[in-house]
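I opened a fresh page for this one and looked things up piece by piece. My notes follow in the order I took them.

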2 protein chains.
Amino acid sequence: MSFAKDQSAGYLANHMARVFAKGLAARIKPLGLTTGTFPALLELWDTDGLTQKQLVDRLDIEQATMANTLARMERDGLVVRKKDSNDGRVQRIWLTDRARALRGPAISAAQDENAVRLAGLTQDEKRQFVALMHKVLKTKSPKEPGDA
Amino acid sequence: MSFAKDQSAGYLANHMARVFAKGLAARIKPLGLTTGTFPALLELWDTDGLTQKQLVDRLDIEQATMANTLARMERDGLVVRKKDSNDGRVQRIWLTDRARALRGPAISAAQDENAVRLAGLTQDEKRQFVALMHKVLKTKSPKEPGDA
DNA sequence: ACCACTTGCATAGCTTGCTATTCAAGTGAT
DNA sequence: ATCACTTGAATAGCAAGCTATGCAAGTGGT
């Protein structure tokens, strides 16, 4: 019963994610951004004024995590939360000018980080790598049969 | 200047790591284990009595993170830290009986989680996937030329 | 022997993630 | 209209990362 950590997909995935995150964090720190805000920003740069629920659905992130992340983003002047007028429960999230202005540099930073980390792979390998990650993510565990 | 998150290796890596971690966490919770302890446990199951420094070197984890993780492990009765008699600075980490007994079930849990998550891949794809992750991890960023 | 430097850990403080719980606002059936 | 249920968000509390700092124990040069 041996277990070689460098043959374990989960172990490697964790390690890889930490490497990517550390690299991206360093690149976007000068912009005053942190990694956790990235997913939400990407969605909002695409369609501003989404509700918190919509963000949670689009990104596979727990509601509580999103609420906390948005609170930090509001504190840091990236978004403003406003109650929907039709439904008093829903919070709509609106980007600030500052956040809109950061789109270009932030995306560049992410692309640079990806490029550097994948520099050792051929074009074909990069495609395979992304495709395989999709395949893994699409595999639903027995616990969550349909989806979510 | 568009950015498709589902084409970004970093984004996918983060997402994958969260899925693996969540799955493993659920499997080892009944054992009273959490994911953060896994790397250290694997090393110690292999060679008990390593120093904290040695653990940090073997696992690509910051010293402060390791110190915190070991503190939690000690609190939870998984390890005992004892000062080295030759060098008063170094802490040697020793597994408790409880931790030694958990080796089998914990490794099974990790193997099960890997198997389930990779169930959608062929044997060949699994090999490719692991190989590609190694290749990415081996690619050192320009910032850290030699290694560490 | 002493002083500067190095080395190994610990601590403080923060982000990002999770589960569990609570609360307020809507909805529906009677 | 009322009461049970659902739905959207917030909060509490914890794990696991990180950077930055501090501190005590060794080491080396003079």
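**Fold of chain A**

I began with the order of elements: from the N terminus, chain A reads α-α-α-α-β-β-α-α-α. That makes seven helices and two strands. I note here that this is a predicted model. For overall dimensions I took the principal axes, and the C-alpha atoms of chain A fill a box of roughly 55 × 40 × 25 Å.

**Two domains in chain A**

Next I looked up the domain split. Domain 1 of chain A covers 7-33 + 113-141, and domain 2 covers 36-101. I find their centres, taken over C-alpha atoms, 24 Å apart. The contact between them draws five residues from domain 1 of chain A and five residues from domain 2 of chain A.

I then asked myself: how much area is buried between domain 1 and domain 2 of chain A? I get about 340 Å², with carbon and sulfur atoms giving 70% of that. On the domain 1 side, A:Leu24, A:Gly32 and A:Leu33 lose the most area to domain 2, together 78% of what that side buries.

I checked for charge pairing across this boundary and got zero salt bridges. Polar contacts do turn up there, in two residue pairs. The domain 1 side that touches domain 2 sorts into four nonpolar, one polar and no charged residues.

**Chain B against chain A**

I moved on to the contact between the chains. Here 55 residues of chain B touch 55 residues of chain A. The two chains bury about 5100 Å² between them, and 66% of it is on carbon and sulfur atoms.

How many salt bridges cross the interface of chain B and chain A? I count six. One I wrote down joins the side chains of B:Lys5 and A:Glu43, at 3.0 Å from N to O. I also have 20 residue pairs in polar contact between chain B and chain A.

I wanted to know which elements of chain B do the touching. Helix 1, helix 2 (38-46), helix 6 (103-117) and helix 7 (123-138) of chain B each supply at least two residues to the side facing chain A. Helix 1 of chain B has the largest share, 13 residues. By class, I sorted that side of chain B into 26 nonpolar, 15 polar and 14 charged residues.

**Back to A:Glu43**

I went back to A:Glu43, since I had it down as the partner of B:Lys5 in a salt bridge. Within chain A, the side chain of A:Glu43 also meets that of A:Arg58 in a salt bridge, 3.5 Å from N to O. A:Arg58 sits in helix 3 (residues 52-58) of chain A and A:Glu43 in helix 2 (residues 38-46), so this pair ties together parts 15 residues apart in sequence. Over all chains, I have 28 salt bridges.

**DNA strand C**

Which residues come nearest to DNA strand C? Of the 26 around the strand, I list A:Thr34, A:Gly36, A:Arg72, A:Gly88 and B:Lys53. Of the strand C atoms within 4 Å of the protein, 73% belong to sugar or phosphate and the rest to bases.

I looked up some phosphate oxygens of strand C. One is 2.6 Å from a polar side-chain atom of A:Thr34. A polar side-chain atom of B:Gln52 is 2.8 Å from a phosphate oxygen, and a backbone N or O atom of B:Gln91 is 2.9 Å from a phosphate oxygen. Helix 4 of chain A gives the most to this surface, with five residues. By class I get four nonpolar, twelve polar and ten charged residues near strand C.

**DNA strand D**

I repeated the lookup for strand D. Of the 25 residues around it, A:Gln52, A:Lys53, B:Gly36, B:Arg72 and B:Gly88 come nearest. For strand D, 71% of the atoms within 4 Å of the protein belong to sugar or phosphate.

A polar backbone atom of B:Gly36 is 2.5 Å from a phosphate oxygen of strand D, and one of A:Gln91 is 2.7 Å from a phosphate oxygen. I also noted B:Arg89, with a polar side-chain atom 3.5 Å from a sugar or linking oxygen of strand D.

Which helix supplies the largest share of the surface near strand D? I have helix 4 of chain B, with five residues. My class count for this surface is four nonpolar, eleven polar and ten charged residues.

Conventions. Residues numbered from 1 in each chain as written. Chains lettered and ligands numbered in written order. Predicted model: local features only at pLDDT ≥ 70, side-chain atom pairs only at ≥ 80, totals over all residues. Heavy atoms only, no water. Domains from an automatic or database assignment. Contact = heavy atoms within 4.5 Å. Buried area = accessible area lost by both parts, 1.4 Å probe. Salt bridge = Lys/Arg side-chain N within 4 Å of Asp/Glu carboxyl O. Polar contact = N/O pair within 3.5 Å; in protein donor to acceptor, adjacent residues only side chain to side chain. Nonpolar A, V, L, I, M, F, W, Y, C, P; charged D, E, K, R; others polar. Near = heavy atom within 4 Å. Helix = DSSP H or I, 4+ residues; strand = E, 2+ residues; numbered from the N terminus.
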